[in-house]
Amino acid sequence: MLDLFVYGTLMGSELRNKLLGRKIDAVPDSLYGFKKIEINIENEKYLGIVKNGNSSINGLIIKITNEELRLLDEYEGESYKRESVVLKSGNNALTYVVNF
């Protein structure tokens with residue numbers, strides 16, 4: 001299983017469960033060195049994160065399979081890219097950052 005840090009729409013359990021077809025438990029954690037920004041995708045506003053040394057983001061860690069990660073890559077689209085990060089807990093995780 002892979003750890004994925006989520007901070008925006010994927011924090012909602014209903015959406016996560018619908019996208020991945022199963023109930024996925026989540027554990028709170030934080031990410032330092034990033035800040036949230038709003039981005040526009042097809043005239044809709046979404047949250048994204050970018051590096052910023054003085055900021056932190058609260059979010060959730062979810063455990064997913066490689067196949068579920070591919071599904072989430074499709075959901076996130078080209079506006080986001082995956083990046084490996086170290087969370088406040090010390091855990092390594094993947095997260096989606098804005099793909100400028």
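The following questions and answers go through the sheet, the hairpins and the helix contact of this predicted model.

Reader: In which order do the five strands lie in the open sheet?

Author: The pairing within this sheet is mixed, and strands of a sheet pair through backbone hydrogen bonds, either parallel or antiparallel. Read across the open sheet, the order of the five strands is S2-S3-S1-S5-S4.

Reader: Which strands stand at the edges of that sheet?

Author: A strand at the edge has a single partner strand, so one side of it is left without a neighbour in the sheet. Neighbouring strands are turned by 45° against each other on average, direction ignored. The two strands at the edges are S2 (26-41) and S4 (80-86).

Reader: Which residue of S5 is the bridge partner of phenylalanine 5?

Author: Strand S1 (residues 2-6) and strand S5 (residues 92-98) run parallel and are joined by two bridges. One bridge pairs leucine 4 with leucine 94 of S5. For phenylalanine 5, the bridge partner in S5 is threonine 95.

Reader: How many bridges pair S1 with S3?

Author: S1 and S3 pair in the antiparallel sense, and in this pairing leucine 2 has isoleucine 64 of S3 as its bridge partner. The number of bridges over which S1 and S3 pair is five.

Reader: How many of the residues of S1 are buried, and how many of S5?

Author: A residue counts as buried when its relative accessible area is under 20%. Six of the seven residues of S5 are buried, so S5 is largely enclosed by the rest of the structure. S1 is likewise largely enclosed by the rest of the structure, because the number of its five residues that are buried is four.

Reader: How many bridges join S2 to S3?

Author: S2 and S3 run antiparallel and form a hairpin with two residues between them. Within this pairing, aspartate 29 stands opposite glycine 59 in S3. The number of bridges that join S2 to S3 is 15.

Reader: What is the phi of glutamate 42, and what is that of asparagine 43?

Author: Most residues other than glycine have a negative phi. Both glutamate 42 and asparagine 43 are found in the loop between S2 and S3, and each has a positive phi although neither is a glycine. The value is about 50° for glutamate 42, and for asparagine 43 it is near 65°.

Reader: Are glutamate 42 and asparagine 43 buried or exposed?

Author: The cut-off for this class is a relative accessible area over 50%. Glutamate 42 has 74% relative accessibility, while asparagine 43 has a relative accessible area of 78%. Both residues therefore count as exposed.

Reader: Which residues does lysine 45 touch, not counting residues up to four places away in sequence?

Author: Lysine 45 has its place in strand S3, where it is exposed, with a relative accessible area of 59%. Not counting residues up to four places away in sequence, lysine 45 touches Glu38, Ile39 and Asn40.

Reader: Which residue takes a positive phi in the hairpin of S4 and S5?

Author: Seven bridges join S4 to S5, which run antiparallel, and one of the bridge pairs is valine 86 with asparagine 92 of S5. The hairpin has five residues between the strands. With a phi near 95°, the residue asked for is glycine 90.

Reader: Which residues does asparagine 99 touch, leaving aside residues up to four places away in sequence?

Author: Asparagine 99 lies in the segment after S5 and counts as partly exposed, at 36% relative accessibility. Its C-alpha atom is separated by 14 Å from that of lysine 35, a residue 64 residues apart from asparagine 99 along the chain. Leaving aside residues up to four places away in sequence, asparagine 99 touches Glu78, Ser79, Tyr80 and Lys81.

Reader: At what angle do the axes of helix H1 and helix H2 cross?

Author: The axes of H1 (residues 13-20) and H2 (residues 66-76) come within 10 Å. Angles of 65 to 115 degrees count as roughly perpendicular, and H1 and H2 are therefore roughly perpendicular to each other. The crossing is right-handed, and its angle is roughly 110°.

Reader: Which residues make the contact of H1 with H2?

Author: The residues of this contact divide into six nonpolar, no polar and one charged. H1 and H2 make the contact through Leu15, Leu19 and Leu20 of H1 and Glu68, Leu71, Leu72 and Tyr75 of H2.

Notes. Residues are numbered from 1 along each chain as its sequence is written. This is a predicted model: local features need pLDDT of at least 70, side-chain atom pairs count only at pLDDT 80 or more; totals for chains, interfaces and linings use all residues. Side-chain values use heavy atoms; hydrogens and water are left out. Axes are lines fitted to C-alpha atoms, for helices over the stretch in contact, and angles run from 0 to 180 degrees between N-to-C directions. Angles under 35 degrees count as roughly parallel, over 145 as roughly antiparallel, 65 to 115 as roughly perpendicular and the rest as oblique. A crossing is left-handed if the near helix is turned anticlockwise from the far one by less than a right angle, and right-handed if clockwise. Contact means heavy atoms within 4.5 Å. Ala, Val, Leu, Ile, Met, Phe, Trp, Tyr, Cys and Pro count as nonpolar, Asp, Glu, Lys and Arg as charged, and the others, Gly among them, as polar. Two strands pair if DSSP finds at least two bridges between them. Buried means under 20% relative accessible area, exposed over 50%, partly exposed in between (1.4 Å probe, protein chains only).
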